[in-house]
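Welcome, and please take a moment to look over the molecule shown here. We will walk through it together, one region at a time.

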Amino acid sequence: MSKESDTGNGKLKVLALHGYRQNADTFKAKLGSFRKFLNKYVEFVFISAPHTAAPLEAGGELDPNQRSWWFNKEDRTFKGTNQGGPAYGFDESLRHVEKTWQTEGCQGLLGFSQGACFVGLLCDLSARGMTTMKPQFAVLASGFRSGSLVHLNYYENKIQVPSLQIFGETDEIITKDMSESLAETFLDPEVVTHAGGHYFPAQAALKETYVEFFRDQLQQHLEAKELLNATEANSFHIEERAEMEVPHEHSESDSDSD
């Protein structure tokens, strides 16, 4: 696991999920400029998927630095365009992410490619009460709908959480229409497109868009937290007053009984 800091005071904590054949450290490095834009508002928690991806070439050696959240082909590889296949290893990755989410106390999710696909599934699971995670917002870059058979019923209802959907106009790995299809599963998604291909864009021109999105999420989080604290404090005072107003009953001694 790769963490930004140990405090995160006054910041959102966002769990970041890498793409296929990436890991926590490589994804963190690729998001260097993006993280600098948001350092004032966000602490990112990067984790690696629990599964090692198959070698690029048949018969090659496994590279432990190339990870995968699940495999959607019978040969235990993954391809975003594959339809009707399995989801080998998905449950293990779900438990891994749930545990990290709980331990770190995260508020939001961010994912790229396979990681963005995973974020979409996690948001749907949360909406249906099928995970302990309750993301307040999500950022999905080069995302797509999972084609695994067990995931086909995940996209029946609109996901309510605020989302930022990012994709490239010329992406040949996860095409624009695939990312648009995933964005449509969210209610009122904010969509950001760029002229490039399969990468997480961090041009200076996008800085204000990113900052505004996360600044808004931080404000909403802090307001909700303040309201919750006020509600809990008010409840405590009401209970305290109720206890003080309860009359004391004087019981007769046992010697007066028949």
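What follows is a short tour that goes from a strand to its neighbours, then to some loops, a pair of helices and the cysteines. Please keep in mind that this is a predicted model.

Let us begin with strand β2, which covers residues 12-17. How many of its residues are buried? The count is 6 of 6, so β2 is largely enclosed by the rest of the structure. It helps to recall a rule about strands here. In a regular strand the side chains alternate between the two faces of the sheet. You can follow this along β2: Leu-12, Val-14 and Ala-16 point one way, while Lys-13, Leu-15 and Leu-17 point the other way. Whichever way they point, all of these residues are buried, and that includes Lys-13.

Now look at the strands that β2 pairs with. One of them is strand β3, residues 42-47, and the two run in the parallel sense over 6 bridges. To find this pairing in the model, look for Leu-15, which stands opposite Val-45 in β3. Strand β6, residues 108-112, also pairs with β2 in the parallel sense, over 4 bridges. Here a handy landmark is Leu-17, which has Gly-111 of β6 opposite it.

Just before β2 comes a loop that links β1 (2-3) to β2, and Gly-10 sits in it. Is Gly-10 buried or exposed? Its relative accessibility is 55%, and because exposed means over 50%, Gly-10 counts as exposed. Follow the chain from there to Leu-222 and you will travel far in sequence: the two residues are 212 residues apart, yet their C-alpha atoms are 8.5 Å apart in space.

Another residue to visit is His-221, which belongs to helix α6, residues 207-245. His-221 is buried, with a relative accessible area of 15%. What does His-221 touch, leaving aside its neighbours within four places in sequence? It is in contact with Leu-12, Gln-107 and Gln-136. You have met Leu-12 already, as one of the buried residues of β2.

Two loop residues have a backbone feature to look out for. In the loop between β2 and α1 (24-30) you will find Arg-21, whose phi is near 70 degrees, a positive value in a residue other than glycine. Arg-21 counts as partly exposed, at 21% relative accessibility. Asp-188 likewise has a positive phi, near 50 degrees, and is not a glycine. Its place is the loop between α5 (176-183) and β9 (190-194), and at 67% relative accessibility Asp-188 counts as exposed.

Next, turn to helix α3 (residues 90-104) and helix α4 (residues 114-127). At what angle do they pack? The angle is about 75 degrees, and the axes lie 12 Å apart. The two helices are therefore roughly perpendicular to each other. From α3, the contact is made by Phe-90, Ser-93, Leu-94 and Val-97, and from α4 by Phe-118, Leu-121, Leu-122 and Leu-125. Sorted by class, the residues in this contact are 7 nonpolar and 1 polar, with no charged ones.

Finally, consider the cysteines. Cys-117 is buried, with a relative accessible area of 0%, and Cys-123 is buried too, at 3%. How many disulfides does a search of the whole structure find? The number is 0.

How values were computed
Residues are numbered from 1 along each chain as its sequence is written. This is a predicted model: local features need pLDDT of at least 70, side-chain atom pairs count only at pLDDT 80 or more; totals for chains, interfaces and linings use all residues. Side-chain values use heavy atoms; hydrogens and water are left out. Axes are lines fitted to C-alpha atoms, for helices over the stretch in contact, and angles run from 0 to 180 degrees between N-to-C directions. Angles under 35 degrees count as roughly parallel, over 145 as roughly antiparallel, 65 to 115 as roughly perpendicular and the rest as oblique. Contact means heavy atoms within 4.5 Å. Ala, Val, Leu, Ile, Met, Phe, Trp, Tyr, Cys and Pro count as nonpolar, Asp, Glu, Lys and Arg as charged, and the others, Gly among them, as polar. Buried means under 20% relative accessible area, exposed over 50%, partly exposed in between (1.4 Å probe, protein chains only). A disulfide is a pair of cysteine sulfur atoms within 2.5 Å. Two strands pair if DSSP finds at least two bridges between them.
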